[in-house]
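Below are my notes on the model you sent, set out as numbered points. Please read them with the structure open beside you.

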Amino acid sequence: MWKAFYYLPSAYKNQFLSPKSLKTLQEKRLRYMVNHAYRNTSLYRSKFEAAGITPSDIATLEDITKIPLVTKEEIKAVFPDGIIAPGFSESNCKVETTSGTSGSILKILFNDEAWNRLKAIALRNYFAHGIRPWHKFCIVCSSPGEYESVSSSPFSRTVGVLEKNSEPLAEDIRRVNPYVLGGHPSTFFGVCRAIERNDITGITPRIVLIGGEVAYPGWRDYIEKILKTHTINKYGAAEMNSVAWECDHGSMHIDADSVIVEFVKEGEQVAPGERGEIVVTNLWNVAMPFIRYRLGDLAAPSDEPCCCGRGLPVIKELEGRLDDVVVLPSGGLIPCTRMCPLLHNTPGIAEFGIIQDNPSHVVIRIVPRDEFTEDVENTLHDKMQNVLGSSVTIDIKRVDHINRDKKIKFKRIQRTFEAHVP
Ligand SMILES: [Zn+2]
């Protein structure tokens, strides 16, 4: 971790480069990574050959669209021999694992230099918001693995607490009472509910860092109201480390000096303001190259510069995971950002999960509290019907608990049938 500080000055400087200079930097690294991946991994060599291209065809950022997209499943199928460059292995790399929202977990190997550069780039977000190594930092970890890595942080003032039910979690956070609190927005939403319900005092963070999932409209306002502080959004992925983060003017800046982010729809890059799937290319990880890798999140690019003065491009809207959607019989998609706020704003719901077992049937499982009366249930049913439309039958089921696999990020919508999600 300390080695990351070596790269911090250049990470700091890069965020203020002009868009033109950032493009030059990206193109130089893209050419290097494409060459390297073609020569050293059978996966990229075969993909390039199938597309009839060689590294010499990729000179500018515009040329990147000639390279075929790659999925997590393709990488998993050839891991490790087809994707790890010669000379690298788990013994000389930093190993991360994806959170496995879809139950599919992938190991990611980072060579030392890449790891430290990416760490430095992730750290500049903290520095931009006035967070310093001596501030007490509490991270709510969703897995024992994350807890272990947080606990071994060289920053002695960083404390990990394991995700659990909201009441005991609020108690754990109260005991630490950190300067900075970091974790999933849904976690803090639950914690704030617990604080409100039980009049818990003594949790007074100055900054709440949220990430790992989309914060639904209203959540941030609520968290900020209860904790009397502001929230900062960040967007990352285990395969990349940090991808984007929010500056104090509220823009989500892409870490363009470590990752090329494209927004793709039906094979084409979308125009600014239009929604596309996020496709990423890591510019530093030579141990395990990711070139045009489908991250599976939906977002829209922006062409408006931010008034904070950073040249890093901006993501306009981040809509969350492509697979966290209900697929209508018509093929239309309803993202959980449209449904989950309704459930969160309904009184008397301790926990919920949405299961779609066929295109025209959705089951909403609810762990009820006393306030969840029949009237409340009927109102919720009507509101959900409004969102999903008349082609879908909705059943609300009251259950004792929702099964959560503690090792993986919780998926709110589970589909039990194969559906083509474009
Ligand atoms: Zn900005």
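**Notes on the model**

1. Asp 199 is exposed, because 6 other C-beta atoms lie within 10 Å, and a residue counts as exposed at 12 or fewer. Please bear in mind here, and in every point below, that the model is predicted. The phi of Asp 199 is near 50°, which is a positive value in a residue other than glycine, and the residue is found in the loop between H8 and strand E6 (207-210).

2. The helix that Asp 199 follows is H8, which runs over residues 185-198 and contains 14 residues. From its first C-alpha to its last, H8 reaches 20 Å, close to the 20 Å expected at 1.5 Å a residue. The buried residues of this helix are Pro 185, Ser 186, Thr 187, Phe 188, Phe 189, Gly 190, Val 191, Cys 192 and Ile 195, whereas Asp 199, in the loop between H8 and E6, is exposed.

3. A second positive phi deserves a look on the same grounds. Arg 292 has a phi near 50°, again in a residue other than glycine, and its place is in the loop between strand E12 (276-282) and strand E13 (293-302). Arg 292 is partly exposed, because 19 other C-beta atoms lie within 10 Å, while a buried residue would need 20 or more.

4. One peptide bond should be checked as well, namely the bond from Phe 79 to Pro 80, which is cis with omega near 0°. Pro 80 lies in the loop between helix H4 (72-78) and strand E1 (94-97). As background to this point and to the two positive phi values, most residues other than glycine have a negative phi, and most peptide bonds are trans.

5. On the overall build, the secondary structure of the chain comes to 11 helices and 20 strands. The C-alpha trace spans about 65 × 55 × 45 Å along its principal axes. For 422 residues a compact globule would have a radius of gyration near 22 Å, and the 22 Å of the chain agrees with this. Buried residues make up 37% of the 422 residues, and, of the contacts with a separation of 6 or more, 62% are accounted for by residues 24 or more positions apart.

6. The chain is divided into domain 1 (4-120 + 248-321), domain 2 (130-234) and domain 3 (325-415). Taken over C-alpha atoms, the centres of domain 1 and domain 2 are separated by 29 Å, and the contact takes 5 residues from domain 1 and 4 residues from domain 2. On the side of domain 1 that touches domain 2, the largest share, 3 residues, comes from strand E14 (residues 314-321); by class, that side of domain 1 has 2 nonpolar, 2 polar and 1 charged residues.

7. How many of the 6 residues of strand E19 (residues 393-398) are buried? The number is 0, so E19 lies largely in the open. This strand nevertheless has a pairing to record, since strand E18 (residues 361-368) and E19 pair in the parallel sense over 6 bridges, and Thr 393 in E19 is the bridge partner of His 361.

Note on methods: Residues numbered from 1 in each chain as written. Predicted model: local features only at pLDDT ≥ 70, side-chain atom pairs only at ≥ 80, totals over all residues. Domains from an automatic or database assignment. Contact = placed C-beta atoms within 7 Å. Helix = DSSP H or I, 4+ residues; strand = E, 2+ residues; numbered from the N terminus. Nonpolar A, V, L, I, M, F, W, Y, C, P; charged D, E, K, R; others polar. Expected span 1.5 Å × (residues − 1). Rg over C-alpha atoms; globule rule 2.2 N^0.38 Å. Pairing = 2+ DSSP bridges.
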